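Here is a quick tour of one protein chain, written for someone who likes to check the atoms. Have the viewer open and follow along.

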Amino acid sequence: PEDYMDEDEEDEEVDDEQLLDAEAVEQDAPAERSGHIAVVDRNIMYVWGGYKNAENHGFFDLYLPRNEIWTYNMETKHIAGGSLHTSMSGSCGVCVDGVLYLFGGHHARGNTNKIYRLPLRTPSLVWEEMRDLKGLPPSSKDKLGCWVQKNRIIYFGGYGYAAQGTHRGTFEYDESSSLWDSPGRGWNNHIHILDLETSTWSQPITTGDTPSPRAAHACATVGNRGYVFGGRYKNYRLNDLYYLDLDTWEWHEMSVPQQGPVGRSWHSFTPVSPDHIFLFGGFTTDRETLSDAWLYSVSKNEWKPFKHSHTESPRLWHTACAGPDGEVFAFGGCANNLLSHHRAVRWMCVCV
C-alpha cells in the first residue's frame, strides 16, 4: 500500500485544494485519514495532513486541508496561515523545542523535498518555508523516517525520485511503477542531517552494516541511537532491526528472533521509556493488516508480545505518540488493504 498514492493516482494536474471544496464541511472532530503526521509538544498532540477516501464524490482520494491543525487535548481544530503550498500525505513530521518541522511528502503532482517549520507555542500558527539552507538537500520523497539528537534532525530512507547530484547511499528504481511515473521513483537508504543551529544540510560517512533501501519503515530515537524497524523494499516487507549510533555514525544490525514480529510496513515504533520501544500494527508481505503489539527492550535486545484490548482494530499508515504517563495514542490509518477503502478512524490508547 505504500505505493498506492504513486501507482493509482490520476496523471492529471488537478488542484487538490479544489477537490477538497466538495468536502468543505465544518467538523468538530478530525476526519478519518491515512498518511498524516502527529507530534507531541508539552503533552499536546498535533495532527496535520494525510488523505481520506471520498467515495461520495467520485473516485478521488482527497488530501486533507493544508491549513488544518488538530490538537488532542479537546480535539480542537486550528487554522494555520503561512507559506505551506499544498496538502500532502506521507510527509515526515517531528517536533523540536516547540517547533514542528515538516519535510517531504506526496501531493497531487508528485513528491517534494521542501521543508517547513511551524512554531507551536505562539498565539497564532504560521507555516514558514525554510529557504536558503546550505548544503545538498535530500531528494524529493515521502514515506521516510527521522531521528532527533542535539538540535539535529536526521532523515533516513524513503520512496521518491532519484537524487540529483552526489548522494551517499543506494537508490533502487521501482520497476513496477506505472509508465507515466517519469522520471521514475524508487527506494533509498540515504541519510541527511539538518543542523537547526547552522541551517545546513549534510550527509555523514557511515560504517557498519548498512540497511537496504526502504520506505514506510518506522524510526525511534533512544539516547544516542537511531533505531529503524521494517519497511518495504521491492516486494518485501521487512522485519529487520538496525540502529545507527548518532555520535559515531556506525550502523548495527540487531537480531530479531524467529518468534518475534513479522515483517511489515506502515507500522509505528514509539519510544515509551529509556529502555523500551512500542511496535504496533502495519501491513505484511501477504497483504494482511496487523493489530499485534510488541515491546522491544534496548538493553536486553529482546522482543516481547504486548497484550492489549484493541486486537479488533488493525491498522496501517496510522500515527502513534507517547503520552506523559506511559500511554501510546494511535490515531487514524487504514483498517484494511488501502485498495479496499476501509478506514480505521478516531483514537486508540494503549497503556504500556
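What follows covers confidence, salt bridges, a sheet and the cysteines.

## How far to trust it

Keep in mind that this is a predicted model. Mean pLDDT for the protein comes out at 87, with 84% of the residues at 70 or more. Residues 1–25 are another story: pLDDT there is below 50, and the stretch has 71 contacts in the model beyond near neighbours in sequence.

There is also a low patch at residues 339–343, where pLDDT stays under 50. For that patch the model has 20 contacts beyond four places in sequence.

## Salt bridges

Searching the whole structure turns up 11 salt bridges. One of them pairs Glu 129 with Lys 114, and the closest N and O atoms sit 3.4 Å apart. Glu 129 belongs to strand E13 (residues 126–129), while Lys 114 is in the loop between strand E11 (110–111) and strand E12 (115–119), so this pair ties together parts that are 15 residues apart in sequence. Glu 129 counts as buried at 15% relative accessibility, whereas Lys 114, at 35%, counts as partly exposed.

Next up is Arg 214 with Asp 240, where the closest N and O atoms are 2.7 Å apart. Arg 214 lies in the loop between strand E20 (207–208) and strand E21 (218–222), and Asp 240 lies in strand E23 (residues 236–245), so the bridge links parts that are 26 residues apart in sequence. How buried are the two partners? Arg 214 has a relative accessible area of 0% and is buried; Asp 240 is buried too, with 15%.

Glu 302 and Lys 304 make another salt bridge, with 3.9 Å between the closest N and O atoms. Here Glu 302 is partly exposed at 32% relative accessibility, and Lys 304 is partly exposed at 48%. As for shared partners, salt bridges join Lys 114, Glu 129 and Arg 131 into one network.

## A five-stranded sheet

Now for some backbone pairing. One open sheet has 5 strands in the order E20-E24-E23-E22-E21, and its pairing is mixed. Which strands stand at the edges? Those are E20 and E21: each has a single partner strand, so one side of each is left without a neighbour in the sheet.

The partner strand on the E21 side is E22 (residues 225–233); the two run antiparallel and are joined by 5 bridges. To find the register in the viewer, pick Ala 220, whose bridge partner in E22 is Tyr 227. The sheet also takes in E23, the strand that holds Asp 240 from the salt bridge with Arg 214.

## Cysteines without disulfides

How many disulfides are there? The count comes to 0. A disulfide is a covalent bond between the sulfur atoms of two cysteines. For Cys 92, the closest cysteine sulfur is in Cys 146 at 3.5 Å, which is too far for a bond; the cut-off applied is 2.5 Å.

Are these side chains buried or exposed? Cys 92 counts as buried, at 6% relative accessibility. Cys 334 also counts as buried, at 0%.

Terms used:
Residues are numbered from 1 along each chain as its sequence is written. This is a predicted model: local features need pLDDT of at least 70, side-chain atom pairs count only at pLDDT 80 or more; totals for chains, interfaces and linings use all residues. Side-chain values use heavy atoms; hydrogens and water are left out. A salt bridge is a side-chain nitrogen of Lys or Arg within 4 Å of a carboxyl oxygen of Asp or Glu. Helices (H or I, at least four residues) and strands (E, at least two) are DSSP runs, numbered from the N terminus. Buried means under 20% relative accessible area, exposed over 50%, partly exposed in between (1.4 Å probe, protein chains only). pLDDT is the predictor's confidence in each residue, from 0 to 100. Contact means heavy atoms within 4.5 Å. Two strands pair if DSSP finds at least two bridges between them.
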